[in-house]
Amino acid sequence: MSIYWETPPKFFDHLNEYYGFTLDVCATPENAKCERYFTEKDNGLELVWQGNCWLNPPYGSSIEEWLKQATIWSAYPNRANRVVALLPANTDPFWFHEYIYRCPFASYKFLEGRLWFLDENKVPQKGSNVKNMVVEWSLKPHILPTITLKHAKEYNR
């Protein structure tokens with residue numbers, strides 16, 4: 001699985017209906033989901049996150065840093081109203097417990113099935129060995145508990 005794989009558009013669009021994302025904090029020009037986005041060159045880990053932020057971080061060793069920033073920026077008044085992330089559904093790592101499970105302003109839902117991410121040529125990759133979850137960080141009342149997530153196959157069509 002490439003760190004540059006794109007969120008399936010139907011899945012992002014479903015969440016965007018509820019959140020109205022204004023900033024994609026971890027994107028490439030080819031896979032950005034918002035008009036405003038940070039690229040690897042911009043280094044979103046070092047920039048200010050504001051508005052309703054979308055995060056689909058690389059599913060590798062840097063994921064912990066992205067989640068740390070999500071908690072930091074969503075805890076600042078007048079910064080990120082909300083940060084919503086698409087993450088691997090893995091409850092073993094330190095980052096899950098530190099930045100999600102024990103975080104008082106995080107909520108999460110597991111997605112049934114497996115999403116087909118798009119490769120750099122916009123071709124759906126059906127062989128993902130990763131299940132996913134959605135996490136919302138916000139000091140405001142959370143939207144995520146009110147959203148019905150469909151089976152992944154509905155977003156893969």
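These are legends for an overall view and several close-ups of one predicted model.

The model is predicted, so local features are described at pLDDT of at least 70, side-chain atom pairs count only at pLDDT 80 or more, and totals for chains, interfaces and linings use all residues. Residues are numbered from 1 along each chain as its sequence is written, and side-chain values use heavy atoms, with hydrogens and water left out.

**View 1. The whole fold, with four helices and eight strands.** Here helices (H or I, at least four residues) and strands (E, at least two) are DSSP runs, numbered from the N terminus. Walk along the sequence and you get α-β-β-β-α-β-α-β-β-β-β-α. The C-alpha trace spans about 40 × 30 × 30 Å along its principal axes. The radius of gyration is 14 Å, in agreement with the value near 15 Å for a compact globule of 157 residues; that's taken over C-alpha atoms, and the globule rule is 2.2 Å times the number of residues to the power 0.38. As for contacts (heavy atoms within 4.5 Å), residues 24 or more positions apart supply 71% of those with a separation of 6 or more.

**View 2. The surface of the protein, about 8100 Å² of it accessible.** Carbon and sulfur atoms hold 49% of that area, worked out by the Shrake-Rupley method with a 1.4 Å probe, where for residues only the protein chains shown count as cover. Of the 157 residues, 50% count as buried. The cut-offs on relative accessible area are under 20% for buried, over 50% for exposed, and in between for partly exposed (1.4 Å probe, protein chains only).

**View 3. Gln 69 in helix 2.** This residue is buried, at a relative accessible area of 12%. Skip its neighbours within four places in sequence, and Gln 69 is in contact with Leu 45 and Trp 49.

**View 4. Asn 43, in the loop between strand 2 (36-37) and strand 3 (51-55).** Check the backbone here: phi is positive, about 60°, although Asn 43 is not a glycine. For background, most residues other than glycine have a negative phi. Asn 43 is partly exposed, with a relative accessible area of 24%.

**View 5. Asn 78, in the loop between helix 2 (63-74) and strand 4 (80-88).** Asn 78 also has a positive phi without being a glycine, with a value near 65°. Its relative accessible area is 72%, so Asn 78 counts as exposed.
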